[in-house]
Amino acid sequence: ITSNAVVVYDSVVLYVDDLIIEEGGYLEFRNGGQTVWHNGDWNISGTVLTNHETHRINVSIDGEFGINVLGGNFTIMNGTNITNGESATAEYYFNVLGNFSLENSFVSEMISNGINLRSGSSINELGNISFYDNLGFALSLGEDISLSGDLNVDGSCFNITADDVILDLNGYNITGSDNGAYRGIQAIGKDNITIMDGLIEWFGKSVFDGAGIFLEYVDNSVIENIIISNNAYSLNLFSDSNNNNLYNITTTLNNGPGIYLQGNVNNNNFYNVISISNNDDGISLSNGPNNNSFYNTTINLNSDDGLKLISSSNNTFNNLNSYSNGGLEVNYISGEGNKMIYNNSYGQMSFIDDLDYDIEGTLRIGPGYNIEIGNNSAYLNSSGDISELNKSANVSLELTGGSFSNPVIYRTS
């Protein structure tokens, strides 16, 4: 289809070998319910719109041919189904370098890259899609994307394949089928990425393998406003993943730890983490994490320990609440230099001793709980089941009005 040509197929069955749509050309499939058979490559530099059609790509060898959006516009909408041939046992490729929209449709039987959204592509719409029976990830992400609807995936969903990518779930859900060792979002060896604003659920829980988010060798990245629920593992930060910032993360009902740091994972900051009702530890640092900081963390009702430390050193826990977990509230196994701090607008209490001891009882901060700094008072209630915290601490008071000199903190009986 040459430049400036317009071709419209209205409710017809079509058999197409190699197809080239030049820049400025236009092809539309409308009033669908019919089948378009692909017997060779589609190379799109113009505009293609498919509305409620079935596209069958007759590959006999994996990656034999497929769809290339080279620089034009490809819009898939309204119940369109893209899959392989009726009796085919092989998978096709789907590469996007141009403008792309995919909504309210079904995509299956792709090779391991899935829809390969390459650097330089422009994603206009992506939402309300079902992906199934693909060899690997549903989408390989080399460019920024913002979802326009939920994604349902029989397999793994996003593989981030480039630095500096922003994946904005935009308040929508990524939902797996819970039938294999799959991952909701994966990034390996990519830096300066952002994952934000959505729910990730049902990846591998029933088979005890897979993860909501899996990051390895990832630096200088941001994860924020994410809920991770009902997966095998929740959020894994592994192997030389450093200098990342995570904000407002909630993990719940996962089989593994709510937050899991393993290996040489250093200098990461976690703000406002809630880990609740997971079937393992609330937060686990194992075999090498150092110099990580947690701010305003709540760990509650997890089946095993609240916080577990194994061969982890110089980590800091600011305003840690760990209570009603199945094991210890803090289970220190090995490491050194780990610290616990409590602070608010009135001042700060910084425990001098390493956090190198187990805490068996409820650890809660604030008025009416174990640790509090208030107006004219600073206290640690070390009686009962929190006696492990009867340790030395530096206490600094913040002047909020008036003046004082030489303040004294008295120990009460």
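**A guided reading of an all-strand chain**

The accessible surface of the protein chain comes to about 16500 Å², and carbon and sulfur atoms account for 42% of that area. The model under discussion is a predicted one. Along the principal axes, the C-alpha atoms fill a box of roughly 90 × 45 × 30 Å. Within the chain, 413 residues are present, and 53% of them are buried.

The secondary structure consists of 37 strands, with zero helices. The contacts within the chain give a further view of its arrangement. Among contacts with a separation of 6 or more, 55% are made by residues 24 or more positions apart.

The charges come next. The protein chain carries 11 positive and 47 negative charges, and the mean positions of the two sets are 8 Å apart. Side chains of opposite charge can pair when their charged atoms come close. The structure holds five salt bridges, and three of these pairs are described below.

One of the salt bridges joins Arg30 to Glu28, with 3.1 Å between the closest N and O atoms. How accessible is each partner? Arg30 has a relative accessible area of 32% and is therefore partly exposed. Glu28, by contrast, has a relative accessibility of 11%, which places Glu28 among the buried residues, since buried means under 20%.

Another salt bridge links Asp305 with Lys308, and here the closest N and O atoms are 3.5 Å apart. Asp305 counts as buried because its relative accessibility is 4%. Lys308 is likewise counted as buried, at 14% relative accessibility.

A further salt bridge is formed by Lys339 and Asp354, whose closest N and O atoms are 4.0 Å apart. Lys339 lies in strand S33 (residues 339–344), whereas Asp354 lies in the loop between strand S34 (347–351) and strand S35 (371–374), so the pair ties together parts that are 15 residues apart in sequence. Lys339 is partly exposed, with a relative accessible area of 25%, and Asp354 is also partly exposed, its relative accessible area being 25%. Elsewhere, salt bridges that share partners join Asp281, Asp304, Asp305 and Lys308 into one network. Asp305 and Lys308, the pair with closest N and O atoms 3.5 Å apart, thus reappear as members of that network.

The backbone also deserves attention. Most residues other than glycine have a negative phi, and most peptide bonds are trans. Against that background, which features mark Asn128 and Ser277?

Asn128 is not a glycine, yet its phi is positive, at about 55 degrees. This residue is found in strand S15, which covers residues 122–141. With a relative accessible area of 37%, Asn128 is partly exposed.

Ser277 is not a glycine either, and its phi is positive at about 60 degrees. Where does Ser277 lie in the chain? Ser277 belongs to the loop between strand S27 (269–276) and strand S28 (283–286). Its relative accessibility of 22% makes Ser277 partly exposed.

Conventions
Residues are numbered from 1 along each chain as its sequence is written. This is a predicted model: local features need pLDDT of at least 70, side-chain atom pairs count only at pLDDT 80 or more; totals for chains, interfaces and linings use all residues. Side-chain values use heavy atoms; hydrogens and water are left out. Helices (H or I, at least four residues) and strands (E, at least two) are DSSP runs, numbered from the N terminus. Buried means under 20% relative accessible area, exposed over 50%, partly exposed in between (1.4 Å probe, protein chains only). Contact means heavy atoms within 4.5 Å. Accessible areas come from the Shrake-Rupley method with a 1.4 Å probe; for residues, only the protein chains shown count as cover. Lys and Arg count as positive and Asp and Glu as negative; His and the chain ends are not counted. The place of a charge is taken as NZ of Lys, CZ of Arg, CG of Asp or CD of Glu. A salt bridge is a side-chain nitrogen of Lys or Arg within 4 Å of a carboxyl oxygen of Asp or Glu.
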